[in-house]
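Work through the exercises below with the sequence and the 3D structure in view. Each task is followed by a solution in steps.

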Amino acid sequence: MKVAVFSARAYDREFLAQANGAAASPHDLRFFEARLDRDSATLAAGYEAVCAFVNDDLDRAALERLAAGGTRLIALRSAGFNHVDLAAARELGLAVARVPAYSPDAVAEHTVALILALNRRIYKAYNRVREGNFALEGLLGFDLKGRTVGIVGVGQIGLCVARIMRGFGCAVVASDPHPVAELEEIGGRYVTLAELFATASIISLHCPLTPDTHHLINADAIAAMVPGVMLVNTSRGAVVDTRALINGLKSGKIGHLALDVYEEEGDLFFEDLSATMIQDDVFARLLTFPNVLITGHQAFFTREAMTAIAGTTIANITAFERTGAPEHPVPFG
Ligand code: NAI
């Protein structure tokens, strides 16, 4: 099958080419560095499948252009599918596939790396020591043992974070409309979101971005949190209202903030912008706080996860070619 792969970086080529080479009947992959949107969609004319990543914008106009160009399958290299207009895809007869599970451990471990680095100010200590500054002022952390961690969204990743934090001796409270027994089996407890906000010293977000979770963390939610709370978001940027975060940081209500995702990350992340001026003033303001740690949507980025993403993506395309349906279709709801 002819496949147009968008937002393709060197590492995407490497892992996809490897998985494709191992397939019984390899596909014809063409890599485009461009992000997929309504303008670049014309590049995919003549390609039956399009392979897209998290910051590609598959709105109605983009999907219409893809369908007009002969595309029949959108194979997402992600679990999340909030960047696809599913109603439009269904109307246009486009199948949409995703990678439902590749390595929840990769994302969970990065989340915990952020918690540890932020608490113990590892990012500051690294620079200080390299400059010969061994002073400890400003590096004071707290013991994780005995603290309460609030997990919003106990799916594959949230459960993994809960397990790791239980290993540190933390209490775990969680909020999810679909409770699972595993959380209670490891000593976690489901509570209302209000109770989670009122009790957790660390809050970690692991729910998908949906109309229900859009700006779930807003000014009211922050006001209900424990003073000095540590907030960690590795889910999707728009689950939090960034301006409300900035106010929470300025007032001291938020004591520590770690982000791997950002509402407007599409214009920033995955690119080397070190020689340019950042135009996003909200993002630039976030970078000025000494208690904020940001990574550029890298939580998934391990060898194991990339191998699994590439393998499932090629399997989705192969299944579609053989049967007309991908192995892991996105639920049209
Ligand atoms: P999952 O589907 O296994 O779990 C999501 C959980 O969130 C489910 O249990 C669901 O019931 C719950 N949920 C839905 N609405 C909720 C609400 N209003 N409040 C609380 N919980 C709610 O998904 P998984 O694999 O654990 O991934 C979670 C999210 O992490 C993805 O949707 C994606 O946005 C993000 N992600 C981020 C990555 C990164 O590199 N930063 C990589 C992979 C995923």
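A salt bridge is a side-chain nitrogen of Lys or Arg within 4 Å of a carboxyl oxygen of Asp or Glu. The model used here is predicted.

**Exercise 1.** State how many salt bridges the structure holds, then examine the pair R38 and D59.

Solution. The count of salt bridges in the structure is 7. In one of them, the side chains of R38 and D59 meet, with 2.5 Å from N to O. That distance of 2.5 Å can be set against the cut-off, which asks for a nitrogen within 4 Å of a carboxyl oxygen. Next, place the two residues: R38 is in the loop between strand 2 (28-31) and strand 3 (49-52), while D59 is in the loop between strand 3 and helix 2 (60-68), so the pair ties together parts that are 21 residues apart in sequence. As a general point, side chains of opposite charge can pair when their charged atoms come close.

**Exercise 2.** Describe the surroundings of the ligand: where does the ligand sit, and which residues come nearest?

Solution. Start with the site: the ligand takes up the space of the largest pocket. The shell around the ligand is made up of 10 nonpolar, 10 polar and 3 charged residues. Of the 23 residues around the ligand, those that come nearest are Y102, Q156, I157, D176 and D260.

**Exercise 3.** List polar contacts of the ligand and find how much of its area the protein buries.

Solution. Take the side chains to begin with. D176 has a polar side-chain atom 2.6 Å from an oxygen atom of the ligand. For R236, a polar side-chain atom lies 3.3 Å from a ligand oxygen atom. Then turn to the backbone: a polar backbone atom of V154 is 3.5 Å from an oxygen atom of the ligand. Finally, the ligand taken alone exposes 870 Å², and the protein buries 83% of that.

Key
Residues numbered from 1 in each chain as written. Predicted model: local features only at pLDDT ≥ 70, side-chain atom pairs only at ≥ 80, totals over all residues. Heavy atoms only, no water. Near = heavy atom within 4 Å. Polar contact = N/O pair within 3.5 Å; in protein donor to acceptor, adjacent residues only side chain to side chain. Areas by Shrake-Rupley, 256 points an atom, 1.4 Å probe, with all protein chains shown as cover. 1 Å grid on protein atoms, 1.4 Å probe; cavity = no way out; pocket = protein on both sides within 12 Å on 5 of 7 lines; lining within 4 Å. Sits in = over half its atoms within 2 Å of the grid points. Nonpolar A, V, L, I, M, F, W, Y, C, P; charged D, E, K, R; others polar. Helix = DSSP H or I, 4+ residues; strand = E, 2+ residues; numbered from the N terminus.
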